[in-house]
Each structure stands twice: as structure tokens, then as C-alpha cells.
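This report introduces selected helices, a strand residue and a surface patch to a reader new to the structure.

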Amino acid sequence: MEEVSLSGRVAVVTGAGGGLGRAYALELARRGAAVLVNDTGGTLDGTGQTSAADAVVEEILGLGGRAASNQDSVSTPEGGEAMVAAALDRFGRVDAVVNNAGILRDKSFGKIDWDDFHAVQDVHLRGAAYVSQPAFRAMREQGYGRFVFVSSNAGTFGSFGQASYGSAKAGVIGLAQVVAIEGQRHGILSNVVCPLARTRMTESMLDAPEALSPEHVAPLVAYLASERCRETHQVISAGAGHFARVFTGLGAGWQADPAEVVSAEAVAEHMDRILDSSTYSIPLSAPEELEMLAPYVAARTAAGQAV
Ligand code: NAI
């Protein structure tokens, strides 16, 4: 098997003071990367600050790796800039960013407090952008980069009580896909991991601590952060050593008579065919979806209907 190496590479891992981020930082360092271990070290709801990142740096140094600690928050543009600047100052470049930092402030939709909602969005969605933009600029200069964004099944499929978290995590996928599309010509790849592991974030929901340990997710992150990775624009679910693609497909659908403006009743009657997912394609950008719709637009134009 060809080795997955990060030798000579520099990685920034946000929220790496514990849980999944710590496992990612250790695995990247073990494979040769110099790692900026970022974490504010707060509680699960994002309050407080501790030196959690320092302990992980000690661990990496103790194993003979290279690492530096950073406590900037991902949740402001200044924090993102400072973090990337710290990696550049300390290690001279930034090759990979793992946007892993996260908090939870779960509440059912009817009870949401907007400060909580915004705080969750600030860390997961805006935070991923604040860290990634300065890194993207540095990667563009060097013509090489790897982004690993972290989403969740709460974002892809929904989860009770997680409107703030689920919407932020779905947004992360949109962000990652645009970075993939804009990054490709600069040698920058961008992919998303939807992890499942027992950490402080999930200990009340998930049992089986060993089967669901973060170490089972870290190998995917190491691959996606490495030079060997060729994929981009992908979303991959990972947990307990099981890995699977998550995707948004476009069904074959139902085409109304091109000579008529369709009625709501006709839409209602054809809902089974509209929702049928036995045949689908997976567009890799908005223009690709438009290309797929082009024949229907052409048929309607030929029939003399306004589009
Ligand atoms: P965790 O709570 O152990 O890790 C999150 C880390 O992010 C913490 O160490 C925290 O201090 C840090 N952090 C929070 N706000 C920060 C900020 N503003 N700046 C820098 N660091 C900050 O939880 P876990 O489970 O390791 O989560 C890691 C990521 O994986 C999160 O994005 C989470 O949403 C995601 N995830 C985890 C799943 C799981 O099964 N554990 C499932 C789906 C997604």
C-alpha cells in the first residue's frame, strides 16, 4: 500500500484540545505533519477558556512529533487570521486545515434563544470560514492545499433540538463545496467528514466507547489532509471504522407538458415521480445541475413557452 504521508507538511487543527480534534492532531503528527493545535479549551457550550491545547502539544512532542499550541477562537475573523499567522510564523507554511472546533447549545426550535443560535453558528459555520479564508490565500500562493471540513448527520439529515447546530453543519457543506470549486485550479482540495465518535459531545447519546473511539475517524482525516488525496467536493460519513459517501443527488424527476404552464394540482398528482430516487445523478456544481436541466428548458422554449 502506498503510504499516506504528511512529512514536511503543516496542518492547523481547530478544536484539537480533546475529543476528535485531538485524535486528528495526533494522527497527522504521527504521519509527519507539524501541527498547530488550536483550542480555546472551553466547556461544551463554548464558555470559559483553558489550556487544553497545551496538553495535546505535550503529547505530540513526547512522541517525537512537531506541534505548537494556539488558543485563538475560530469564532471571529481576527481569531482565524491570528491562528493562520501563528502557523505561518512558527512553521513557514499551511498545507492542511481541519475545521473541527465545535460547541453545542441544543434547544427545541420553539424555544431557541438567538444569542445561543448565533454563538453556535459563529463557531461551526462562520468559524470554519474565518480560519479557512486566510489559509486559502496562503495555499493559493503555494499552489497546494487540503481542507477538511467537519459536518454532522444533524446537518445532512436533521436532528431534534439541534436547529442551531444542524443548520450550521449543513452550511459547512455548502462552504466546503464552494471552496472545492474555487480551489481546484490552485491545487486546493476540500472535503467534508461527518464523524461519529463518543466524545464529551455525544457521551449522553452514544455507548460503546471503544468501538466509537475518535481513532476510528482519524485515518480518513489524515488521508483527506494528505498529498495522496485526489478527491474533492466529497462528503464522507465515518465512525466505528465504517466509511461511506453522503451525497445530494438530483432525481430523474417528472417533466410537465412543455406546451403548458403546470398547475399545482398536476404537481400534487405527480409527487411520487417527483420524489422518486431510483434514478439520479450527482451534480458537482450549480452549473452542472443547470446543464442537466438544459434539455427541459430547450423543450419548453421550442414549445413556445416562457421559461
Ligand atoms: P469536543 O467538544 O470534544 O470537541 C470540540 C472542541 O472544539 C473542544 O475541544 C472545544 O474546546 C473546541 N472549541 C469550541 N469552541 C471553539 C472556538 N471558538 N475556537 C477554538 N476551539 C473551540 O467534541 P467532538 O465530538 O470531538 O467534536 C469535534 C467536531 O466533530 C465538532 O465540530 C462536532 O460538531 C463534530 N461532530 C462530532 C460528532 C461526534 O459523534 N462526536 C458527530 C458529528 C459531528
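## Helix α3 and its surroundings

In helix α3, the buried residues are G79, G80, M83, V84, A87 and F91. Because these residues cover an arc of only 125 degrees around the axis, they lie on the same side of α3. On the other side of α3 are the exposed residues E78 and D89. The model described here is a predicted one.

The cover over the buried residues of α3 includes three strands, β1 (10-13), β2 (34-38) and β3 (66-70), together with helix α4 (114-142). Helix α3 is followed by G92, and the phi of G92 is positive, near 90 degrees.

## Two helices by length

The table sets out the spans of α3 and α6, each taken between the end C-alpha atoms of the helix.

| Helix | Residues | Number of residues | Expected span | Span in the model |
|---|---|---|---|---|
| α3 | 77-91 | 15 residues | 21 Å | 21 Å |
| α6 | 163-183 | 21 residues | 30 Å | 30 Å |

For α3, the expected span at 1.5 Å a residue agrees with the distance between its end C-alpha atoms. Helix α6 likewise reaches a length close to that expected at 1.5 Å a residue.

## The buried residues of helix α6

The buried residues of α6 are S164, Y165, G166, A168, K169, V172, I173, A176, V179, A180 and G183. Their packing partners comprise the helices α4 and α5 (153-156) and the strands β5 (145-150), β6 (188-195) and β7 (235-239). Helix α4 is also included in what covers the buried residues of α3.

## V246 in strand β8

Strand β8 spans residues 242-246 and contains V246. With a relative accessible area of 16%, V246 counts as buried, because that term applies under 20%. Leaving aside residues up to four places away in sequence, V246 touches T156, F157, V235 and S237. Of these contacts, T156 is 90 residues from V246 in sequence, while their C-alpha atoms are 8.2 Å apart in space.

## A nonpolar patch at the surface

Which residues make the nonpolar surface patch of about 340 Å²? The patch is made by L290, L293, Y296 and V297. One of them, Y296, is found in helix α10, which runs over residues 286-302. Y296 has a relative accessible area of 36% and is therefore partly exposed, as this value falls between the 20% limit for buried residues and the 50% limit for exposed ones.

Technical notes:
Residues numbered from 1 in each chain as written. Predicted model: local features only at pLDDT ≥ 70, side-chain atom pairs only at ≥ 80, totals over all residues. Heavy atoms only, no water. Patch = residues over 30% accessible without salt bridge, like charges linked within 9 Å, V, L, I, M, F, W, Y side chains within 5 Å. Areas by Shrake-Rupley, 256 points an atom, 1.4 Å probe, with all protein chains shown as cover. Salt bridge = Lys/Arg side-chain N within 4 Å of Asp/Glu carboxyl O. Helix = DSSP H or I, 4+ residues; strand = E, 2+ residues; numbered from the N terminus. Buried < 20%, exposed > 50% of the residue type's maximum accessible area, 1.4 Å probe, protein only. Expected span 1.5 Å × (residues − 1). Arc of directions from axis to C-beta. Contact = heavy atoms within 4.5 Å.
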